[in-house]
Amino acid sequence: MFELLLPVALGMLGGGIGLALAGRMRRNRQVVLEEADALQAQGKFRAAASSLEQALKSATIAEAAFVAEARYRLCGLYVALGQWQLAEQVCHELLESGSELGLSGKHDVLRHLARSLDAQGQSEAATAARAQADSLVEQIPDTAYRLFARQERLVRHGQYREALALQEELLTSYPERVSVETLLCYTAFTAQHAGYPQDALRYVGKALARPQLPVTLQWEAHRVGYHAAEAQHDWHQMLERARALKNLADEPRSRRYLANALLLNNHLEESAMLLTDEDIGLKITLARLQHDFVVARRDIERAPLGTQTTLLQAAIELEAGEGARALAALETIQEPSALYRARRAWALSLLGIPEVPPDPADDTQQLEACAQAHWHQGAQKAALAVQERLLQQPLAPAFRTYHEAVLKQWKIIL
């Protein structure tokens, strides 16, 4: 989503086209552009695009400057709206018309073109357009725009820490040249991906404190905050962010975020009310927590084939006490992992076949399997030690409740 919002921030930089054409159109046409900019800044992308489209219908040959400027704004708006064919068309019109785009304007249009081509499945053409845009970056004389272009390229290549430094420089040195609201949200996104969740939450807070922050950006800010809170194992904040997402936009994505947060916070019944047939993974987790293995088995049949699904299928059978069925699933895996070996030891222990499980890393799934393997092999003290080690991990409330119940049951038996 942030790649769609980025044109809004880039457009506010005033790329080469805007600078080249300043003062070369009638006042009423300048008003149209200013009104479109105001609508865009409010997140009203469709209204901004409609205003420009209507003005273009009455434009004359003598108004080439206005036509180019309006098209320039439209290419970014169409990308933000996901209207890919229109975006591609207007980008080509700008590039082929001989308009005075300037280096930054041409870079911007090529980026929009690449995004629209990608969305239409034209990956080779998109790669070519993007490479052409990248070749212009270091030639751009506008320092603020060049910094923005550099950080966009770094983010695209997954170099988040390097991009974060440039974004922070833009916010500090060129706040008047960017859409601060959009860039704050985008910087939070980058900080989260760079592995700095605390910084991500700080930028989220700054973004949400901005007056009249568009709903689209509020949603994106809370989404980044949701993932940052998850990375910090702050389950309560994660739930609060999820509730905000649903309040801002009651759509499938928001409901999925909320269902997941509710489930992790042990609000199982409330979570179940939000799940649909598309939420296979969450439904399986819910069924496992509720010990409803019939439902879990039914849903696992609809999950995509692969090693992870097979490991999950084995986990369901192990929790149901079906060692033979779990072992049969595990034996289909071609490349054994530490988790595979731990769950295999658990499966064998249910069949009365002793096999010492591997020493688990600080991984909750491995710890669970090893504790269970020890328990069913009669090594109760070792099982209790591993289970207590499991409970020292930053577990979500639902899983903590589950594993605390297991430990309590074992202690009662002993």
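1. Tyr226 and Tyr257 are a good place to start in this predicted model: Tyr226 is buried, and Tyr257 is buried too. Their rings make an edge-to-face aromatic pair, with 4.7 Å from centre to centre and 70° between the planes. Tyr226 belongs to helix H13 (residues 215-231) and Tyr257 to helix H15 (residues 252-264), so the pair links distant parts of the chain, 31 residues apart. Add Trp219 and you have one aromatic cluster made of Trp219, Tyr226 and Tyr257.

2. How many aromatic pairs are there? The count comes to four. One of them is Tyr186 with Phe189: the ring centres are 5.8 Å apart and the planes sit at 10°, and because planes under 30 degrees apart count as stacked, this pair is stacked. Both residues are in helix H11 (residues 180-193), three residues apart, which means about one helical turn separates them. Tyr186 and Phe189 are both buried.

3. Two arginines sit over rings, if you want to look at those next. Arg29 lies over the face of Phe66, 4.7 Å from the ring centre. Arg202 has its charged end over the ring of Tyr203, at 4.8 Å from the centre.

4. Tyr203 also turns up among the buried residues of helix H12, which are Pro197, Ala200, Leu201, Tyr203, Val204 and Ala207. Why do they line one face of the helix? Looking down the axis of H12, these buried residues fall within an arc of 165°, so they line one face. Their cover includes helix H10 (160-173), H11, H13 and helix H14 (235-248). The length of H12 (residues 197-208) checks out as well: at 1.5 Å a residue its 12 residues should span 16 Å, and the end C-alpha atoms are 16 Å apart.

5. On to charges. The structure holds 30 salt bridges. One of them joins Glu270 and Arg243, whose closest N and O atoms are 3.3 Å apart. This pair links distant parts of the chain, with Glu270 in helix H16 (residues 268-274) and Arg243 in helix H14, 27 residues apart. Glu270 counts as partly exposed at 34% relative accessibility, and Arg243 is partly exposed at 28%.

6. Is each partner in the Asp277 and Lys283 salt bridge buried or exposed? Asp277 counts as exposed, at 51% relative accessibility, whereas Lys283 counts as buried, at 18%. Their side chains meet at 3.4 Å, N to O.

7. Arg344 and Glu355 form another salt bridge, with the closest N and O atoms 2.7 Å apart. Arg344 is in helix H21 (residues 338-350), while Glu355 is in the loop between H21 and helix H22 (364-376), so the pair ties together parts that are 11 residues apart in sequence. Arg344 is partly exposed at 25% relative accessibility, and Glu355 is partly exposed at 27%. Elsewhere, salt bridges that share partners join Asp108, Arg111, Asp134, Glu152 and Arg156 into one network.

8. Last, a loop residue. Where does Gln122 lie? Gln122 is in the loop between helix H7 (102-119) and helix H8 (123-134), and it is partly exposed, with a relative accessible area of 33%. Leaving aside neighbours within four places in sequence, Gln122 is in contact with Glu88 and Leu117. From Gln122 to Ala373 it is 251 residues in sequence and 51 Å in space, C-alpha to C-alpha.

Conventions:
Residues numbered from 1 in each chain as written. Predicted model: local features only at pLDDT ≥ 70, side-chain atom pairs only at ≥ 80, totals over all residues. Heavy atoms only, no water. Phe/Tyr/Trp six-rings, centres within 6.5 Å; stacked < 30°, edge-to-face > 60°. Helix = DSSP H or I, 4+ residues; strand = E, 2+ residues; numbered from the N terminus. Buried < 20%, exposed > 50% of the residue type's maximum accessible area, 1.4 Å probe, protein only. Lys NZ or Arg CZ within 6 Å of the ring centre and 35° of its normal. Expected span 1.5 Å × (residues − 1). Arc of directions from axis to C-beta. Contact = heavy atoms within 4.5 Å. Salt bridge = Lys/Arg side-chain N within 4 Å of Asp/Glu carboxyl O.
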